[in-house]
Amino acid sequence: MPTVEAPPPLVERPAPTETIAIAGVFRPIEIPPSPPASAAPPTASPTLPRTPVATEGPDLAFAEAILALTNQQRLANGLAPLAEHPALVAAAQEYADLHAHVSPDRLDHSLNSSTLDSRAEAEGYAGWTFLAENLVWSGFEPPLSPAETIQQWLASPAHRDNMLNPAVEETGVGCYVSAAERPFRICVQDFGVRS
């Protein structure tokens, strides 16, 4: 099973309705049990073959698959699909890239003194009332598929709550692959609600 960071308490911004929720999965080792019967199992992505070859850089196809599978889970649970917001995509992708270079061996939601809200706002995500973030790290021996990544998040209550939060309307996903001696992928999924 993956090691799951306990999410910190919700951080309140000046307005009492503005909150942040974060969660991270570190070094997945095995696939968790199937999600509860109420959730449809994610389908495998035939366009992303499982291969140990790692090419350094953003993994846009993996990020797109994460978005599609997240929306599939939301629909299966009677929730509206999430709209992709360019500012959240940019914040997530930049943070995945930063994470791969600054902290390749430990997940952290506040590298270089940044915070989820500071990263989202720096990319132009203004007027938000709720932000949440899921992180995942996976090696390439064997690599996790997008569907397996979603399974990991669904097996963790904090990640599942972020993905299936009925109030959330927008998201952005960024993934980065490091072709280090032991290749790995870091994915960041940001969730938001704006007033």
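## Burial and overall architecture

A residue is called buried when its relative accessible area is under 20%, exposed when that area is over 50%, and partly exposed in between. By this criterion glutamate 133 is buried, since its relative accessible area is 0%. The structure described here is a predicted model, and the same criterion classes 54% of the 195 residues in the protein chain as buried.

The protein chain contains 5 helices and 8 strands. Read from the N terminus, these elements follow the order β-β-β-β-α-β-α-α-β-α-α-β-β. Among contacts between residues at least 6 apart in sequence, 76% join residues at least 24 apart. The accessible surface of the chain amounts to about 8,800 Å², and carbon and sulfur atoms account for 59% of that surface.

## Confidence of the model

The mean pLDDT of the protein chain is 78, with 70% of the residues reaching 70 or more. Among the elements of the chain, strand 5 has the highest mean pLDDT, at 98, while strand 2 (residues 11–12) has the lowest, at 36. Over residues 1–19 the pLDDT is below 50, and this stretch has 42 contacts in the model beyond near neighbours in sequence. Over residues 25–35 the pLDDT is likewise below 50; that stretch has 43 contacts beyond near neighbours in sequence.

Where pLDDT is low, the predicted coordinates should not be read in detail.

## Helix 1 and its surroundings

Helix 1 consists of 17 residues, which at 1.5 Å a residue should span 24 Å. The end C-alpha atoms of helix 1 are 24 Å apart, so the model agrees with the expected span. After the helix comes glycine 78, whose phi is positive, near 75 degrees.

Buried residues of helix 1 include Phe62, Ala63, Ala65, Ile66, Leu67 and Leu69. Thr70, Asn71, Gln73 and Arg74 are also buried in this helix. The buried residues of helix 1 pack against two helices, helix 4 and helix 5 (157–163), and against strand 5 (83–84), strand 7 and strand 8.

## Strand 6, helix 4 and the loop between them

Strand 6 is mostly covered, with 12 of its 12 residues buried. Strand 6 and strand 8 run antiparallel and are joined by 11 bridges. Within this pairing, alanine 132 stands opposite phenylalanine 191 of strand 8.

The loop between strand 6 and helix 4 (146–154) holds proline 142. A cis peptide bond connects this proline to glutamate 141, with omega at about -5 degrees. Helix 4 itself is mostly covered: 9 of its 9 residues are buried. Among them are Pro146, Glu148, Gln151 and Trp153.

## Salt bridges

A search of the whole structure yields 3 salt bridges. In one of these, aspartate 59 pairs with arginine 185, and the closest N and O atoms are 3.0 Å apart. This pair links distant parts of the chain, 126 residues apart: aspartate 59 lies in the loop between strand 4 (57–58) and helix 1 (60–76), and arginine 185 lies in strand 8 (residues 184–194). Both aspartate 59 and arginine 185 are buried.

Glutamate 133 forms a salt bridge with arginine 119, where the closest N and O atoms are 3.0 Å apart. Glutamate 133 belongs to strand 6 (residues 128–139) and arginine 119 to helix 3 (residues 116–122), so the salt bridge ties together parts that are 14 residues apart in sequence. Arginine 119 counts as buried because its relative accessibility is 9%. A further salt bridge joins glutamate 170 and arginine 194, with the closest N and O atoms 2.6 Å apart. Glutamate 170 is in strand 7 (residues 170–178) and arginine 194 is in strand 8, so this pair ties together parts that are 24 residues apart in sequence. Glutamate 170 has a relative accessibility of 12% and therefore counts as buried, whereas arginine 194, at 34%, counts as partly exposed.

Notes: Residues are numbered from 1 along each chain as its sequence is written. This is a predicted model: local features need pLDDT of at least 70, side-chain atom pairs count only at pLDDT 80 or more; totals for chains, interfaces and linings use all residues. Side-chain values use heavy atoms; hydrogens and water are left out. A salt bridge is a side-chain nitrogen of Lys or Arg within 4 Å of a carboxyl oxygen of Asp or Glu. Helices (H or I, at least four residues) and strands (E, at least two) are DSSP runs, numbered from the N terminus. Buried means under 20% relative accessible area, exposed over 50%, partly exposed in between (1.4 Å probe, protein chains only). The expected span of a helix is 1.5 Å times one less than its number of residues. Contact means heavy atoms within 4.5 Å. Two strands pair if DSSP finds at least two bridges between them. pLDDT is the predictor's confidence in each residue, from 0 to 100. Accessible areas come from the Shrake-Rupley method with a 1.4 Å probe; for residues, only the protein chains shown count as cover.
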